[in-house]
Amino acid sequence: MSRDWQPDFEKLVDEHQSMVFSLAFRMTGDRGLAEEVAQDVFLELDRNLGKIESPEHALNWLRRVVMNRSADALRRQRVRGMDLWVEMDENHGAKLEPRSSPLGARLEGLLATLPSAQRAALVLRYQEGLTPDEIAAALESPLATVKSNLQRGLKLLRAKAVSHLKEYIRGT
Amino acid sequence: MGLEPMDDFERELQQGMLRLPAPPYLKRKVMARKQARDGEKQHRRVVFWQRLAASVALCGAVGGGVMWHNVREQRKGEAAREQVMMALRIASHALNQMNAQLEEHDDGK
């Protein structure tokens with residue numbers, strides 16, 4: 001822990017806005033809602049800036065808080081009777097930025113149809129490249145639950161890919 | 001799980017899930033909201049101190065008023081006691097005079 005490090009809010013926003021927005025967008029599936037979540041997360045960071053001890057702490061703090069806030073936003077949407085993923089479903093991939101791989105974009109679209117706990121684990125695994133231990137810390141979940149969500153999510157995604165993306169998949 | 005080498009499917013998934021660029025106005029909006037919140041916090045702090053100062057002034061005024069009233073009542077009480085003592089002294093003096101005259105009258109007989 002380096003006590004010499006002084007958090008610079010503006011710099012932290014610059015460095016992490018893409019990560020925060022991407023996680024929020026992939027969890028909520030709604031651009032507007034993701035922007036709102038990202039703004040709220042950064043304002044919360046500003047309120048807690050005194051407690052941030054290092055750049056790694058800031059990164060982990062942001063990951064944990066954006067996942068929590070996204071889950072809260074999804075819950076609020078469901079309470080209001082709007083399950084955004086029902087609206088998005090097949091079109092989700094088309095709304096994203098252009099990809100290097102069309103299969104990757106379609107896979108991401110299918111990812112949106114997974115249960116939120118599995119989606120959270122997979123997003124942190126494949127977007128952020130975290131290990132199961134790190135995912136467990138970010139989601140504040142037991143390691144066994146995270147591993148189970150990763151396995152089940154990946155299995156479900158493979159099954160969906162086989163049935164929906166036959167034109168791309170060969171022998172998965 | 002997770003630390004094992006990725007297969008083609010997982011690699012495709014990883015390729016498809018690169019970080020998205022944040023909207024260009026996101027940072028501006030965050031900074032504007034932060035500034036607005038800081039301004040509001042500053043305003044609330046000023047209002048708090050103003051209210052505190054007004055409360056202290058009001059308490060001082062009320063306390064001063066009560067104290068002044070008490071002092072005035074005390075002075076009135078003292079003045080009234082002085083008047084009563086004066087009346088008693090006059091009455092006592094009058095009774096003494098009357099007593100002396102009666103004694104002179106009795107001696108004359």
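A residue is called buried if 20 or more other C-beta atoms lie within 10 Å of its own, exposed if 12 or fewer, and partly exposed in between, with C-beta atoms placed from the backbone. The model here is predicted, so local features need pLDDT of at least 70 and side-chain atom pairs count only at pLDDT 80 or more, while totals for chains, interfaces and linings use all residues. Residues are numbered from 1 along each chain as its sequence is written, and chains are lettered from A, with ligands numbered from 1, in the order in which they are written.

**Exercise 1. Sort A:Glu140, A:Ala137 and A:Gly109 into buried, partly exposed or exposed.**

Start with A:Glu140, which sits in the loop between α8 and α9 of chain A. Helices (H or I, at least four residues) and strands (E, at least two) are DSSP runs, numbered from the N terminus. A:Glu140 has 9 C-beta neighbours inside 10 Å, so it goes down as exposed. While you're there, check its backbone: phi is positive, about 50°, although this residue is not a glycine.

Next comes A:Ala137, in helix α8 (residues 132-139) of chain A. Its count is 16 C-beta neighbours inside 10 Å, so it is partly exposed. The C-alpha atom of A:Ala137 is 9.7 Å from that of A:Arg63, with the two positions 74 residues apart along the chain.

Last is A:Gly109, part of helix α6 of chain A. Here 23 other C-beta atoms fall within 10 Å, so A:Gly109 is buried. Its C-alpha atom and that of A:Gly29 are separated by 9.6 Å, and the pair is 80 residues apart along the chain.

**Exercise 2. Work out how α1(A) lies against α2(A) and α7(A).**

Step one is the angle, taken from 0 to 180 degrees between N-to-C directions, with axes as lines fitted to C-alpha atoms, for helices over the stretch in contact. For α1(A) and α2(A) the angle is about 140° and the axes are 8 Å apart. That makes α1(A) oblique to α2(A). The cut-offs are under 35 degrees for roughly parallel, over 145 for roughly antiparallel, 65 to 115 for roughly perpendicular, and oblique for the rest.

Step two is the residues, where contact means C-beta atoms, placed from the backbone, within 7 Å. Among those that α1(A) brings to α2(A) are A:Phe9, A:Leu12 and A:Phe25, and α2(A) answers with residues including A:Val37, A:Phe42 and A:Leu45. By class, this contact has 14 nonpolar, 2 polar and 2 charged residues. For the classes, Ala, Val, Leu, Ile, Met, Phe, Trp, Tyr, Cys and Pro count as nonpolar, Asp, Glu, Lys and Arg as charged, and the others, Gly among them, as polar.

Now do α7(A). Helix α1 (residues 9-28) and helix α7 (residues 116-126) of chain A pack at about 150°, with axes 10 Å apart. The two are therefore roughly antiparallel to each other. A:Leu23, A:Arg26 and A:Met27 of α1(A) meet A:Arg119, A:Ala120 and A:Val123 of α7(A). That contact divides into 4 nonpolar, no polar and 2 charged residues.

**Exercise 3. Compare the end-to-end lengths of α2(A), α3(A) and α2(B) with what a helix should span, and see what covers them.**

The expected span is 1.5 Å times one less than the number of residues. For α2(A), 17 residues should span 24 Å, and the end C-alpha atoms are 24 Å apart, which agrees. Its buried residues include A:Ala34, A:Val41 and A:Phe42, and the buried set packs against α1 and α3 (55-79) of chain A together with α2 of chain B.

α3(A), with 25 residues, reaches 36 Å, close to the 36 Å expected. A:Trp61, A:Leu62 and A:Met67 are among its buried residues, and the buried residues pack against α1, α2, α7 and α8 of chain A.

For α2(B) (residues 26-108), 83 residues should span 123 Å, and the ends are 121 Å apart, which agrees. This helix is hardly covered, with 2 buried residues among its 83.

**Exercise 4. Which element of chain A gives the most to the side that touches chain B?**

First, get to know the partner: chain B has 2 helices and 0 strands, and 7% of its 109 residues are buried. The contact takes 35 residues from chain A and 22 from chain B. On the chain A side, α1(A) gives the most, with 8 residues. By class, that side has 15 nonpolar, 11 polar and 9 charged residues.

Note on methods:
Contact = placed C-beta atoms within 7 Å.
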